[in-house]
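Biologist: Could you take a close look at one part of this protein for me, the first strand and its surroundings? Please set the scene with the whole chain before you zoom in.

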Amino acid sequence: MASVTIRNVEKVFGSIKVIHGVDIEVAEHEFVVLVGPSGCGKSTLLRMIAGLETISSGDIMIGERVVNKVPARDRDIAMVFQNYALYPHMNIFDNMGFSLKLRKRPKSEIDRKVMEAAETLNLRPYLQRSPAQLSGGQRQRVAMGRALVRDAQVFLFDEPLSNLDAKLRVTMRTEIKALHQRLKTTSVYVTHDQIEAMTMADRIVVMRDGRVEQVGAPLELYDRPGNLFVADFLGSPSMNFIEGNARRSDGAALLETANGSQIPLPENAPVVDGQPVVLGLRPEHLSLTDPEEGFAATVKVVEPTGANVEVFFDFAGQEVCAVFNERYPLVAGQKMAISWLPDKVHLFDGVSGQRLESE
C-alpha cells in the first residue's frame with residue numbers, strides 16, 4: 001500500500017476554476033472519504049488521482065512518486081465505479097480476472113487471485129454467471145473483486161453505492177468497511193451521502209465549491225464543526241440553527257432573536273454586544289422539561305421513525321427539530337418546554353459562519 005498526497009491542486013475548465021488549491025494527505029492504510037453536495041468537485045478530484053482527468057496545477061503523489069503525467073494504467077491504482085462497468089458478455093470469473101489477463105499474467109496466478117477475491121466477497125457460487133443474472137449488490141461486489149485482484153497500491157471508490165436501494169446500501173457499506181479493516185488498503189472514497197462518510201471513514205474531507213471546508217475524524221467533525229456548512233451537512237436530521245444578535249448584560253451573554261426571545265448563552269461565549277450569531281443545537285441534544293426550567297415551544301409536526309420520534313417545534317419564532325427515544329404522546333399545537341445542556345451548544349459567527357471558540 002502507499003500514501004496519497006495532494007498538494008495545492010487546481011483544476012480549470014476553460015475560464016472556470018472548479019478545484020481551488022486543494023491540499024490533502026491520505027496516509028498508508030487509511031480510508032478517507034471525500035464528501036460534499038453535488039458539484040463540489042469531489043469526483044473531479046478523485047478522477048485526477050486516478051489519472052482520468054488532467055491537473056491544471058499542483059502535484060499528486062502516490063507514495064514517493066509524482067504522478068501528474070503518469071498514465072492511469074501505470075499509476076498502480078484500482079477504481080470501483082458507480083455504474084459497476086462490468087463486461088456483459090463475460091461471466092463473473094472472466095470479469096474479475098480480465099485486468100490480469102491483459103497484463104499477460106500466468107493462468108495459475110489469475111485463477112488463484114480470482115478465487116481468493118471471490119472467497120473474500122462471497123462470490124464463489126456466482127463465478128459462472130453473467131452480470132445480468134446478479135443483483136445490484138452482487139454486481140457491486142464483482143466490481144470490488146475486480147479491483148482486489150489487482151493488488152493495487154491505492155483503491156478509489158466513486159460513489160459505488162448510489163445505484164443501490166436503501167437497505168442494500170447499509171449492507172454494502174458494512175461489507176466495504178469490514179473489507180478495509182481486514183485488508184488495510186489505502187482507500188479514497190467519494191460520496192454525497194454524509195451517513196456513508198460518518199460510518200465508513202477514518203477521516204472525512206468535507207468539500208464545497210471546489211474547496212476543502214474541514215478535515216478530521218467523523219466524530220471530531222460532528223462534535224466540533226468548523227463552520228455552519230459543515231455543521232449543517234453532517235448529521236441527520238441536521239443541526240438546528242437559531243439566528244439572532246448577542247447581548248451582554250451584567251456579564252451574562254444572551255441571544256436575542258428577531259421576535260424578541262432571549263436565550264442564555266454560555267458565560268464564556270466569545271461574543272460582543274450586538275454581534276450577529278447563530279446558535280447550533282443537535283436534535284438529539286434537545287429534551288422535554290418542566291415549564292419553569294425550560295423554554296416555551298409549540299409542537300408543529302410529529303414524525304415516528306420506529307426507533308425514534310422526530311418532533312418539529314415552533315421555538316423563538318423559528319422551527320427546530322428534536323429527536324426522542326421515548327414515544328411521548330405529542331400532538332400538533334401542544335404547548336411544551338424544551339431544554340438542552342450548555343456544553344452541547346455550538347456557536348457560530350452570523351457573518352462569516354465560522355465557529356466561535358471560547359477562550
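Modeller: Sure, whole chain to start with: the protein has eight helices and 20 strands, where helices (H or I, at least four residues) and strands (E, at least two) are DSSP runs, numbered from the N terminus. Before going on, a caveat: this is a predicted model, so local features need pLDDT of at least 70 and side-chain atom pairs count only at pLDDT 80 or more, while totals for chains, interfaces and linings use all residues. Residues are numbered from 1 along each chain as its sequence is written, and side-chain values use heavy atoms, with hydrogens and water left out.

The C-alpha trace spans about 80 × 45 × 35 Å along its principal axes. Of the 359 residues, 48% are buried; buried means under 20% relative accessible area, exposed over 50%, and partly exposed in between (1.4 Å probe, protein chains only). Among contacts with a separation of 6 or more, 65% pair residues that sit 24 or more positions apart, with contact meaning heavy atoms within 4.5 Å.

Now for your strand. S1 covers residues 4-13, and Arg7 is found in it. With 44% relative accessibility, Arg7 counts as partly exposed. Leaving aside neighbours within four places in sequence, Arg7 is in contact with Val22, Asp23, Gly58, Asp59 and Met61. Take Val22: it is 15 residues from Arg7 in sequence, yet the two C-alpha atoms are 6.5 Å apart.

Asn8 is also in strand S1. Its backbone is worth a click: phi is positive, about 45°, although Asn8 is not a glycine. The relative accessible area of Asn8 is 44%, so this residue is partly exposed. If you want another residue with that backbone feature, try Asp76, where phi is near 60°, positive in a residue other than glycine. Asp76 is in the loop between strand S5 (65-66) and strand S6 (77-80), and it is partly exposed because its relative accessibility is 27%.

What about the inside? In soluble globular proteins, nonpolar side chains tend to be buried together. A nonpolar core here is a set of buried Ala, Val, Leu, Ile, Met, Phe, Trp, Tyr and Cys residues joined through side-chain atoms within 4.5 Å. The largest one has 47 residues, and Met96, Met144, Tyr189, Ile204 and Val206 touch the most other members. Helix H4 (residues 136-148) gives the most to this core, with five residues. A second, separate core of 29 residues includes Ile6, Val9, Ile19 and Leu45.

Back in the largest core, pick Tyr189: apart from neighbours within four places in sequence, its contacts include Phe31, Val32, Val33, Leu34, Phe157 and Met200.

One record to set beside this: an unreviewed UniProt entry lists residues 4-234 as "domain: ABC transporter". UniProt positions are given in the numbering used here, feature names are shortened, and annotations may be inferred rather than shown by experiment. Over residues 4-234 the chain is 36% helix and 26% strand, with the end C-alpha atoms 25 Å apart.

A last backbone stop is the cis peptide bond joining Ser236 and Pro237, with omega about -5°. Pro237 is in the loop between helix H8 (228-233) and strand S11 (240-249).
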